[in-house]
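Student: I would like a close look at one part of this model, taken residue by residue. Please keep it brisk.

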Amino acid sequence: MTLRICVAQLNFVVGDLAGNAQKIIAAARAAHVAGARLLLTPELSICGYAAEDLFFRPSFIAACDDAVKTVARELAGLKDMTVVVGHPAAVEAGGLRTRSVTVPNRVNAASVLREGQVIATYAKRELPNYQVFDERRYFVPGRDTCVFEAGAAGARVKVGLLICEDAWYEAPARETRAAGAELLAVINASPFHVGKGSEREDMMRRRARDCGLPLVYAHLVGGQDEVVFEGHSFALQADGALAARAPSFAEDAFVVDLHRSAAGVQLQGAIEPDRSADADLWDALVLGVRDYVGKNGFPGAIIGLSGGIDSALVLAIAVDALGADRVRTVMMPSPYTADISWIDAREMAHRMGVQYDEISIVPEFEAFKASLAQEFRGLPEDTTEENIQARIRGTLLMALSNKSGRIVLTTGNKSEMATGYCTLYGDMAGGFAVIKDLAKTTVFRLARWRNAHDPHGSGANPIPERIITRPPSAELRPDQKDQDSLPEYEVLDAIVERYMENDQGIEEIVAQGYARADVEKVTRLIRLNEYKRRQAPVGIRVTHRSFGKDWRYPITNKFRA
C-alpha cells in the first residue's frame with residue numbers, strides 16, 4: 001500500500017462552524033490512527049451545504065476562515081497527514097456593490113492542510129445554476145488547477161483536486177492530469193433524487209476513462225431543509241471499474257487504499273452492494289425527517305391520522321426516523337368519516353406503537369356553520385364547508401404543536417400539490433411536508449415496499465392492507481372519492497410528470513395517447529394553484545424536479561402554451 005485514503009462521509013449542520021470543525025478534527029485523528037494519510041471531506045464541509053444567503057455576510061465568511069484555521073492548528077501534530085476541507089473563501093477581486101446588487105467576491109473553495117498549515121487552496125471552476133443550485137448567485141469561478149502531494153515522505157502521491165461540478169466537465173480533469181496528478185479527488189455535495197447515484201457513477205466513470213486516472217468521489221450525507229445528500233461515496237479505477245463504494249444514507253469513514261506498481265495506480269476498498277430505487281427513496285425520506293426535526297431542535301412530531309394512505313405512509317416514515325416515542329397521532333373525525341377510517345387509523349397507530357388520540361371536529365364544524373348561517377343563507381353547500389373541516393383540523397394540530405413544541409408533519413402528496421387538491425390553512429398547515437414530492441402512485445408503491453421491508457424486525461406490516469387498497473377519499477362530504485374530481489391517479493401522475501417535471505407541452509402529451517380533456521384539465525389546475533404551493537411547508541425533494549427551488553413559476557401569469 002502506498003497511500004491509505006479516508007473519506008469523511010459526514011453529516012454536517014449548516015452554520016455550525018465549530019461543530020463541523022470538531023467533526024472533521026475527530027475524523028482526521030481516527031483516520032490517522034487507522035493508517036490513513038489523506039482525509040477528504042465533502043464540499044463546503046466547514047459551513048454545511050448550502051448556506052444560501054449566509055454567504056453574503058462578511059462575518060460568516062470570516063468565521064468560516066477561522067474554523068479552517070482551527071482545523072489546521074488542531075491537526076498540526078498528525079505526522080504525514082493531509083486533510084482537504086471544503087469552505088467558502090473571500091477573494092480580492094470583485095465585491096462591488098451597485099445599489100442592492102452585490103457582485104460576488106467569494107469562491108467555493110477547498111483547502112489542503114498539512115502540519116498546521118494551509119498548503120494550497122483550490123476554487124471551484126464550474127458553478128451549477130440549475131435545479132436547486134444557485135452557485136453563481138454567491139460565488140465567482142476559479143481558474144486554476146490544484147495538485148498536491150499526500151502520503152509519507154518518499155512515497156507520496158500527486159493528487160488532483162476537483163469540486164463537484166468540475167468533474168462533470170472534461171477540461172478541469174484533463175488540465176489537472178496535465179499538471180501532474182496521479183489521482184483525482186472529487187469532493188461533493190450533490191443533492192439526492194431517485195436515480196442520481198447511478199448517474200454520478202456513470203459520469204465519473206467517463207471522467208476517469210477520459211483522463212486515464214483513478215478517482216475518489218467524496219460525498220456529503222444528511223438532510224438540509226428540502227434536500228437530502230445520500231453519501232454513497234465511491235472510488236473508480238483509471239478504466240472506470242468500480243474499486244470501492246461506501247454505504248448510503250449513513251455517516252462512514254470510507255477507506256480506500258492506493259497501490260502504486262509498474263502497472264500503474266490501483267485503488268482497493270470495500271464495495272457496498274447496489275440498492276433498489278425504493279430502498280433509496282425510503283431512506284431519503286427517513287433521513288430528511290430525522291435531520292429536519294433533529295437539527296431544528298423539535299422534540300418530536302405530530303401527525304393528523306385519517307385512516308388513509310398518505311397519513312399512514314407519513315407515520316411509518318416518521319417512526320422509522322424518530323422512534324415511536326417521539327411521534328403522536330391525532331384522529332379528527334368529521335360527520336363524514338367512515339367507520340373503517342376510525343378502525344384503520346387505530347390499527348395503524350397500534351401497529352406502530354405511537355400515542356393515539358381522537359378529537360371530534362363535529363362540535364366546531366357545527367359552530368362554524370351556525371356562525372355563518374346568515375351569510376350563507378340560500379346558498380348550497382360546496383367546497384366552502386369541506387375546507388372549513390380541513391381548517392378546523394389544521395387549527396387543532398397547530399394548537400397541539402404550540403403546546404408541546406412538536407412539529408406538525410403534513411401529509412399531502414405531489415399529485416395534490418400539483419392540482420390544488422389540498423386546503424390552505426387546513427391539511428397544508430404544518431411545519432414539514434414529508435411526501436410533497438411523491439406522486440400518489442409512488443405513495444401506494446412505497447407503502448407496499450415498506451410493508452415488505454421491516455427494519456424493526458416485528459414481522460407485522462405497519463400499514464394495514466385495507467388502507468392501501470381502499471379508494472382514496474378526503475371524507476369531507478358524503479361518499480366522496482378523490483377520483484370524483486381528478487383523473488385516475490395513473491393518468492394524473494403521468495401528465496404531471498410529463499408537464500411539470502419534463503417540460504413537455506400539451507400537444508406533446510396528447511400525442512403520447514392521453515385524452516386532451518385530461519391533459520388540459522391537469523395543466524390548468526397546475527397553473528391555477530401556484531399561489532397555494534407558494535404557501536406550502538418545505539418538504540423533501542426526491543425527484544429531479546420538485547415544487548420548491550426547482551419550480552419557479554410566477555403566480556400572476558397569463559401565458560398559455
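Why does Phe 365 count as buried or exposed, whichever applies?

Tutor: This is a predicted model, and Phe 365 counts as buried because its relative accessibility is 0%. The cut-off for buried is under 20%. Phe 365 sits in helix H9, which spans residues 362-376.

Now its surroundings. Leaving aside residues up to four places away in sequence, Phe 365 touches Pro 335 and Tyr 336. It also touches Glu 385, Ile 388, Gln 389 and Ile 392. Glu 386 is 21 residues from Phe 365 along the chain, and their C-alpha atoms are 9.8 Å apart.

Next, the sheet. Five strands make an open, parallel sheet, ordered S20-S19-S18-S21-S22. Its edges are S20 (355-358) and S22 (432-433), each pairing on one side only. S21 and S22 run parallel and are joined by two bridges. Leu 409 has Phe 432 in S22 as its bridge partner. In general, strands of a sheet pair through backbone hydrogen bonds.

Leu 409 leads on to the core. The largest nonpolar core holds 50 residues, and Val 289, Leu 313 and Leu 409 have the most contacts inside it. Several elements supply at least two residues each, among them helices H6 (277-295), H8 (339-352) and H12 (440-452), and strands S18 (301-304), S19 (327-331) and S21 (407-410). Helix H7 gives the largest share, 11 residues. In soluble globular proteins, nonpolar side chains tend to be buried together.

Take Val 289 within that core. Not counting residues up to four places away in sequence, Val 289 touches Ile 317, Ala 321 and Leu 322. Its contacts also include Leu 409, Phe 432, Val 434 and Ile 540. Both partners of the Leu 409 to Phe 432 bridge are therefore on the contact list of Val 289, where contact means heavy atoms within 4.5 Å. Another core lies apart, with 46 residues, including Ile 5, Leu 38, Ala 110 and Cys 211.

Last, the cavities. There are four of 30 Å³ or more. The largest has a volume of about 250 Å³. Its lining comprises 17 residues, with Tyr 49, Ala 50, Glu 52, Val 132 and Lys 549 nearest its centre. By class, that lining has 10 nonpolar, one polar and six charged residues.

How values were computed:
Residues are numbered from 1 along each chain as its sequence is written. This is a predicted model: local features need pLDDT of at least 70, side-chain atom pairs count only at pLDDT 80 or more; totals for chains, interfaces and linings use all residues. Side-chain values use heavy atoms; hydrogens and water are left out. On a 1 Å grid over the protein atoms alone, a cavity is a set of points where a 1.4 Å probe fits but cannot get out, and a pocket is an open set with protein on both sides within 12 Å along at least five of seven lines; lining residues have an atom within 4 Å of a point. Grid points are joined across faces, edges and corners, and a volume is the space filled by probe spheres set on the points. Ala, Val, Leu, Ile, Met, Phe, Trp, Tyr, Cys and Pro count as nonpolar, Asp, Glu, Lys and Arg as charged, and the others, Gly among them, as polar. A nonpolar core is a set of buried Ala, Val, Leu, Ile, Met, Phe, Trp, Tyr and Cys residues joined through side-chain atoms within 4.5 Å. Buried means under 20% relative accessible area, exposed over 50%, partly exposed in between (1.4 Å probe, protein chains only). Helices (H or I, at least four residues) and strands (E, at least two) are DSSP runs, numbered from the N terminus. Two strands pair if DSSP finds at least two bridges between them.
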